[in-house]
Amino acid sequence: MTILTRRVIFAQAWPIILGQALVPLVGVVDTTVIGRTGNAATLAGVALGVTTVNLIFWTFGFLRMGVTGLTAQTLGAGGGEELRALLLRALLLGLGLGIALLALSPAIVPLALSLMQVPASAAEAAHAFTTARFAGAPAALGFYVINGWLLGLGRTRLALACQVAFNGVNIALDVLLVAGFGLGAWGAGIGTSIAEWVALASGLWAARQVLGPGWWRIGRRATFAPGAFRRLLSVNADIMIRTVALLLLFTWFARAGARLGAVPLAANHVLMQFVSVSAFVLDGFAFTAEARVGAAIGAGARAALLRAARPTGEFSLAGGLAFAAVIAAAGPWLIALVTHDPAVQRQALAMLPYCALVPLLGMPSWLLDGIFIGATRGRILRNAALVSLALYLATDTMLRGWGDIGVWIALLASYLYRAAALGVALPRLVRSVDAA
C-alpha cells in the first residue's frame, strides 16, 4: 500500500474537490436563474422543490456511499472480478429504484409538497419544478452508483470528467430554457433532468475506460451471489436510515424558514447554496478518506487507517477556515449576484454571519462521515444521525421564539451533535482494525 503523504492525499483529492464544487451548482444555477428572472414566490417554490427532490433522491444516496466503501475494501483485499460484479449489481439496484420513483411520481410529488407546507403563492412553481426533476430519477440513482464506484477505486479524474459533463449541460439548458425560452421553474427542473441522463451516459463511458468493453458480461451467479448481495443491502440499509435522518433535518430547516414566510424561506435557500458549495468541496477530503480508510480496512492495516485520517483532517480544517472567511467577506456580493429581490437580500445579509460559521463547525462531522463510510460502519453512522436529528429538533423547538436566528443556531448545533456522536465511536473503530 502506498505510503500516504500530504502530496499523495492532495493529488487524489483535488479532482474530487473540483467535481464536488460542481455538484451544488445544480441548485446554485437553478436558484440564480430563477432569482434573476422571477420573484420571491417563484424562488421560494423552486427552493422547496429543490429541498423535496433532495429529500427523496438522497434517500437513496447510500448507492453512492455504500458502493464507495465496498469498492475500496474490495480493492484493498485484492480486487479481481468482484469489482465488476459489485458495479453491475449496484447499478441494477439503482436503476430499478429510479424507475420505481419515476413510475410513482404522480403520487409522490403532491404528497411530498403537501408535507412541506408550501405557501400558496409558491405552490405552482414548486409542483412544476419537482415534477420535471423526477424525469431524471433513474439516471440520478444510476449515476450515484457509478460515481461511488469510481471514488472507491481512486479514479477521481474520471469522476470529475462525468461531473463536468453533467454541470456543463445543466448550466446550458437552464440558461436556454429559463432565461431564453421563459419556461420558469419547469424549465429549470427539466434541464437538470436531461443533464442527469448525460451524467449516467458519461459514467457508463468511464466504467468502460476502467474495465474495457463488455465489462457487464458477468455470470448471473457472480452478479447475484447471495452473500455479496446481502452485504450490499445490509450496509446500504443502515446508511439509508442515516441519510433519511439527515435529509429530514434539512427538510425541517427549510420548513422552519417557510413557517416564517416566503422571504425568510427564499433568503435561507440562497444562503444554503453557499453552505452546499463549502460542504461539497470539503467533502473532497472526506471522499479521499473514504477510499483510503476502506482500502486500509480491506488490507487489515491500522497504521494506514491512521495515516489516512490525519492529513485529510488537516486539509479539512484549513478548508473550513478558508470557506468561513470567504463567505463572511464575499457574502454580500454573492447574495446580490444570486437574487435581485431587495427583501430577500436584506434577510440573507442579516443571517450571513451564521451561514459563515457552517463550514468551520460542520467540517468535523463531514470528515468523520467519510471515515465511517469508508469503514462501512453503517450502524454507527445511522445512530449518530438519529441522535443528531433528535437533538436538533429539540433545539429548534426551544429557539422557535428567536425567529430566523433560532433556525440557524439550531442548524449549527446539529453539526456539533453529529461530530460528537461519531467522535465517541472513532477509537473503537481504530482498535477493531489489526495493527499492520
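1. Which residues lie nearest the centre of the largest pocket? In this predicted model, L55, L115, M116, L248 and T251 hold that position among the 14 residues that line the largest pocket. The space in the largest pocket comes to about 230 Å³, and at least two lining residues are supplied by each of the helices α3 (40-57), α5 (82-115), α11 (226-260) and α15 (378-398).

2. Turning to charged pairs, the structure holds seven salt bridges. One of them joins D238 to R382, with 3.1 Å between the closest N and O atoms; because D238 lies in helix α11 and R382 in helix α15, this pair ties together parts of the chain that are 144 residues apart in sequence. D238 counts as buried, since its relative accessibility of 17% falls under the 20% cut-off.

3. A second salt bridge worth following is that between R242 and D369, whose closest N and O atoms are 2.5 Å apart. Here R242 belongs to helix α11 and D369 to helix α14 (residues 342-374), so the pair ties together parts that are 127 residues apart in sequence. Both R242 and D369 are buried.

4. D369 also forms a salt bridge with R418, and the closest N and O atoms of that pair are 2.5 Å apart. This pair links distant parts of the chain, with R418 in helix α16 (residues 404-432) and D369 in helix α14, 49 residues away in sequence. R418 is buried, as is D369, and R242, D369 and R418 are linked in a network of salt bridges.

5. A289, in helix α12 (residues 262-299), lies 9.3 Å from D369 in space, C-alpha to C-alpha, although the two are 80 residues apart in sequence. A289 is buried, with a relative accessible area of 0%, and, leaving aside residues up to four places away in sequence, A289 touches G294, T312, L367, G370 and I371.

6. One of those contacts, T312, sits in helix α13 (residues 302-338) and is likewise buried, its relative accessible area being 0%. With residues up to four places away in sequence again left out, T312 touches I9, F285, T288, A289 and L367. L367 is thus among the contacts of A289 and also among those of T312.

7. On the surface, L176, F181, L183 and W186 form a nonpolar patch, with about 400 Å² of accessible area together. Within this patch, W186 lies in helix α9 (residues 184-211) and is partly exposed, at a relative accessible area of 40%.

Key:
Residues are numbered from 1 along each chain as its sequence is written. This is a predicted model: local features need pLDDT of at least 70, side-chain atom pairs count only at pLDDT 80 or more; totals for chains, interfaces and linings use all residues. Side-chain values use heavy atoms; hydrogens and water are left out. Helices (H or I, at least four residues) and strands (E, at least two) are DSSP runs, numbered from the N terminus. Buried means under 20% relative accessible area, exposed over 50%, partly exposed in between (1.4 Å probe, protein chains only). Contact means heavy atoms within 4.5 Å. Patches are made of residues with over 30% relative accessible area and no salt bridge: like charges are joined within 9 Å, nonpolar side chains (Val, Leu, Ile, Met, Phe, Trp, Tyr) within 5 Å. Accessible areas come from the Shrake-Rupley method with a 1.4 Å probe; for residues, only the protein chains shown count as cover. A salt bridge is a side-chain nitrogen of Lys or Arg within 4 Å of a carboxyl oxygen of Asp or Glu. On a 1 Å grid over the protein atoms alone, a cavity is a set of points where a 1.4 Å probe fits but cannot get out, and a pocket is an open set with protein on both sides within 12 Å along at least five of seven lines; lining residues have an atom within 4 Å of a point. Grid points are joined across faces, edges and corners, and a volume is the space filled by probe spheres set on the points.
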